[in-house]
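Trainee: Got a minute to walk me through this one? I'd like the overall picture, then a couple of local spots.

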Amino acid sequence: MSQVNGIATGTNRVKRGMAEMQKGGVIMDVVNAEQAKIAEEAGAVAVMALERVPSDIRAAGGVARMADPTIVEEVMKAVSIPVMAKARIGHYVEARILEAMGVDYIDESEVLTPADDFYHIDKNAFTVPFVCGARDLGEALRRIGEGASMIRTKGEPGTGNIVEAVKHMRMMMSQIRQVQGMSRDELMAEAKKIGAPYELLLQIHETGKLPVVNFAAGGVATPADAALMMQLGSDGVFVGSGIFKSDHPEKFARAIVQATTHYEDYTLIAELSKGLGAPMKGIEISSLEPSARMQERGW
Amino acid sequence: MKIGVLALQGAVQEHVRMLEKAGAEVFLVKRKEQLEGLDGLVIPGGESTTIAKLMHLYDLMEPIQEMGRRGVPLFGTCAGLIVLAARIEGTDTPHLGLLDITVQRNAFGRQRESFEAKLAIKGVAEDFEAVFIRAPLITEVGNASDVLCEIDGRIVVVKQGHLLGASFHPELTEDARLHSYFVEMVKAAQRKRSA
């Protein structure tokens with residue numbers, strides 16, 4: 001953070017607050033200005049500017065890196081909602097480039113090929129906020145300890161299969177409840193066991209919730225998927241390949257936005273789900289080679 | 001005293017917590033039926049384009065405008081301020097259009113320019129911690145509006161009768177003084193109605 005004349009930028013409150021403003025909303029992956037406008041028009045709270053959506057990254061293979069700045073800039077010019085972009089795990093120069101461009105949020109993402117197999121980015125050192133993926137409470141708290149201002153489930157990106165996102169969200173929620181119910185003298189042993197910073201674990205014990213917003217990501221493909229994740233305790237939803245790999249992106253985008261707002265209104269979700277055409281095709285997780293599982297990237 | 005928080009998207013729970021701290025009974029509003037019997041309504045921070053689209057979709061614009069015209073106090077923060085404003089720079093289509101001001105969206109820049117600062121708010125506090133996130137600025141106010149707070153000569157809080165708007169997020173701190181101020185506005189409107 002920096003402070004000039006009593007005005008402080010890049011504080012935790014400002015970085016985490018930005019994510020608070022996204023709650024109850026849908027963040028959509030887009031690869032150009034046209035898709036960004038469709039997303040904004042459908043009611044997205046932010047867009048993630050990418051060179052390829054995760055399912056195409058999966059299909060293309062090779063090394064996936066930060067998007068070409070031209071694409072990110074094109075998207076930033078096209079919409080007035082916040083624009084996020086992805087940097088490789090540990091690639092703090094990609095992150096600095098995105099920050100310099102004025103991107104509103106950086107996703108240090110396992111969807112891209114990791115640049116560092118040992119260290120994640122020191123996100124506390126940045127003015128721009130970060131979102132990071134996690135599969136369980138320990139991983140979420142390690143990322144928050146490094147300065148992440150928002151957490152999302154890793155799920156299994158680009159599969160259109162919700163099972164891994166459900167697993168990760170259930171795991172986090174269940175662990176939060178356990179930590180809340182522990183006696184204080186059990187906390188240090190738990191911190192050691194799950195590899196979490198003690199102070200953050202203590203905070204969860206006292207408040208019963210993560211200190212940052214927690215979204216669902218990695219496999220959301222239908223309005224019902226979005227509503228399911230909201231019911232499991234997500235604060236909002238990322239949709240990667242699910243929208244622009246479906247038959248009718250506009251309709252899909254609008255339907256997912258509404259299902260996220262009214263996640264307990266089954267009559268409405270039924271209406272929204274009518275005649276949407278085919279969602280993205282999807283991949284059965286057990287058919288993925290272990291090396292193709294993006295969620296194993298990072299720690 | 002029943003105060004609603006528009007719960008379509010954004011920092012809803014934070015407002016609920018602050019209003020409860022200020023002594024109000026709080027209700028979430030996602031449908032127009034839920035507006036019935038409310039003595040006041042808060043439009044939270046979030047993404048103004050998303051909130052406004054959902055308000056149109058669920059026919060909430062008209063009934064909330066009607067509440068405003070009836071004298072029911074409304075309080076908008078950040079996106080909520082944009083939703084309340086009569087004029088939005090760069091577009092001819094305001095949302096509720098109740099508050100006689102012009103707003104400029106994302107007036108301070110992008111997220112990296114978001115900031116916090118201690119500000120004096122007239123009649124509320126001398127040292128209010130204000131969190132600005134991709135915040136709008138009030139570039140013009142009508143004759144009936146009181147400017148309650150400025151930063152470097154730029155207007156960030158206005159009150160126009162029973163309408164209150166702030167370009168920052170009082171819901172992101174532990175300081176409930178601005179919410180208490182709104183609760184007092186709601187009480188005053190109740191007294192006026194029963195008189």
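**Chain A, from fold to details**

Mentor: Sure. Keep in mind that this is a predicted model. Of the 299 residues of chain A, 62% count as buried.

Trainee: How many helices and strands are there in chain A?

Mentor: Chain A has 13 helices and ten strands. Its radius of gyration is 18 Å, close to the 19 Å from the globule rule for 299 residues, so chain A is as compact as a globular protein of that length.

Trainee: And what box do the C-alpha atoms fill?

Mentor: Roughly 55 × 45 × 40 Å, along the principal axes.

Trainee: What share of the contacts is between residues 24 or more positions apart?

Mentor: 67%, counting contacts in chain A with a separation of 6 or more.

Trainee: Switching to the surface. How much is accessible, and what part belongs to carbon and sulfur?

Mentor: The accessible surface of chain A is about 11600 Å². Carbon and sulfur atoms hold 51% of that.

Trainee: How far apart are the mean positions of the positive and negative charges?

Mentor: 2 Å. Chain A has 32 positive and 39 negative charges.

Trainee: Now helix α6 of chain A. How many of its residues are buried?

Mentor: Nine of the ten, over residues 137–146, so α6 is largely enclosed by the rest of the structure.

Trainee: Which ones are buried?

Mentor: Among them are A:Leu137, A:Leu141 and A:Ile144. The buried set also includes A:Glu139, A:Arg142, A:Arg143 and A:Glu146.

Trainee: What covers those buried residues?

Mentor: The cover includes helices α1 (12–20), α7 (163–181), α8 (187–194) and α9 (198–207). Strands β7 (130–134) and β8 (150–153) are part of the cover too.

Trainee: What caps the N-terminal end of α6?

Mentor: A:Asp136. A side-chain oxygen of A:Asp136 lies 3.3 Å from the backbone nitrogen of A:Gly138.

Trainee: And which residue follows α6?

Mentor: A:Gly147, with a positive phi near 115 degrees.

Trainee: Last spot: A:Ser246. Where is its place?

Mentor: In the loop between α11 (241–244) and α12 (249–261) of chain A.

Trainee: Buried or exposed?

Mentor: A:Ser246 is buried, at 7% relative accessibility. The cut-off for buried is under 20%.

Trainee: What does the side chain of A:Ser246 reach?

Mentor: The backbone oxygen of A:Ile243, at 2.7 Å. Beyond neighbours within four places in sequence, A:Ser246 is in contact with A:Phe252, A:Ala278, A:Pro279 and A:Met280.

Note on methods:
Residues are numbered from 1 along each chain as its sequence is written. Chains are lettered from A and ligands numbered from 1 in the order in which they are written. This is a predicted model: local features need pLDDT of at least 70, side-chain atom pairs count only at pLDDT 80 or more; totals for chains, interfaces and linings use all residues. Side-chain values use heavy atoms; hydrogens and water are left out. Helices (H or I, at least four residues) and strands (E, at least two) are DSSP runs, numbered from the N terminus. The radius of gyration is taken over C-alpha atoms; the globule rule is 2.2 Å times the number of residues to the power 0.38. Buried means under 20% relative accessible area, exposed over 50%, partly exposed in between (1.4 Å probe, protein chains only). Contact means heavy atoms within 4.5 Å. Accessible areas come from the Shrake-Rupley method with a 1.4 Å probe; for residues, only the protein chains shown count as cover. Lys and Arg count as positive and Asp and Glu as negative; His and the chain ends are not counted. The place of a charge is taken as NZ of Lys, CZ of Arg, CG of Asp or CD of Glu. A polar contact is a pair of N or O atoms within 3.5 Å; within protein, one must be able to donate a hydrogen and the other to accept it, and residues adjacent in sequence count only if both atoms are side-chain atoms.
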